[in-house]
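Trainee: Could we go through this model together, term by term, and set each value against its definition?

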Amino acid sequence: MTNVLIVYATDYQNTLKMAQSIAAGVQSVPDCAAILKAAETATYDDLIAADAVILGSPVHMGSADWRIKKFIDSCCSGAWMKDAMIGKVGAVFATGSGFGNAGGGCELTMLGLLNNLAELGMIIIPLPKSTPGYTTGGLQWGPYGRSANPKMDPVGVTEDMLGVARHHGIHIARAAKALKGVKIFG
Ligand SMILES: Cc1cc2nc3c(=O)[nH]c(=O)nc-3n(C[C@H](O)[C@H](O)[C@H](O)COP(=O)(O)O)c2cc1C
């Protein structure tokens with residue numbers, strides 16, 4: 001079995017919905033399992049047991065939620081010390097309300113999390129523009145769920161955005177399955 005850990009933070013459930021759609025995509029790939037964990041409950045053991053890790057955060061003041069950062073600092077740093085995640089697959093996603101249209105800080109949020117995955121030596125899966133729904137639900141860094149409409153009404157993430165998240169899960173599961181047990185780095 002290929003295990004894909006999805007660690008998210010949420011207050012208003014939009015990031016959770018994105019995480020659940022990614023999990024559905026993962027589960028649709030044969031022999032792949034999704035483990036969905038809120039950042040407050042995710043542990044070091046969850047991390048090192050995973051073949052792939054996906055970090056998802058709401059945009060808070062232009063960057064990632066502190067709970068995700070706490071998971072990175074408290075759990076990922078230990079894995080960094082032991083080279084435990086090198087060569088495993090990593091990816092990210094984010095939600096924001098869309099201040100500034102594209103979302104003030106959604107790109108920085110995802111890039112910041114990707115930086116953490118790169119620091120761990122992980123193989124990063126982007127979101128290719130060929131992904132169905134890409135033009136409304138993503139950036140090359142990963143799916144982006146905008147939870148407010150252009151008038152800033154809090155309508156929640158749309159089915160289109162959730163569909164992009166689902167495809168991201170499929171891509172990551174396929175990559176993790178293909179790379180499981182393959183030694184890439186010396
Ligand atoms: C403290 C705080 C700061 C926020 N800062 C931003 C921001 O900088 N840019 C943005 O687009 N949305 C911002 N938002 C809105 C959230 O990112 C957005 O509502 C998101 O969908 C919430 O995800 P959740 O439903 O999983 O909690 C902020 C929300 C909170 C609570």
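Mentor: Let us begin with the bend at a residue, which is the angle between axes fitted to the seven residues ending there and the seven starting there. This is a predicted model, in which local features need pLDDT of at least 70 and side-chain atom pairs count only at pLDDT 80 or more, while totals for chains, interfaces and linings use all residues. Residues are numbered from 1 along each chain as its sequence is written.

Trainee: What makes H3 kinked, and where is the kink centred?

Mentor: The axes differ by about 35° in H3, and the kink is centred on Cys 75. H3 itself is a DSSP run (H or I, at least four residues for a helix; E, at least two for a strand; numbered from the N terminus), and covers residues 66–81.

Trainee: How do you know that the span of H3 is close to the expected one?

Mentor: The expected span is 1.5 Å times one less than the number of residues; for the 16 residues of H3 that gives 22 Å, and the helix reaches 22 Å from its first C-alpha to its last.

Trainee: Why is S1 called mostly covered?

Mentor: A residue is buried if 20 or more other C-beta atoms, placed from the backbone, lie within 10 Å of its own, exposed if 12 or fewer, and partly exposed in between; 6 of the 7 residues of S1 are buried, so the strand is called mostly covered. In H3, the buried residues are Arg 67, Ile 68, Phe 71, Ile 72, Cys 76 and Ala 79.

Trainee: What makes S1 and S2 a pair?

Mentor: Two strands pair if DSSP finds at least two bridges between them; S1 and S2 have 7, in the parallel sense, and Asn 3 has Ala 33 in S2 as its bridge partner.
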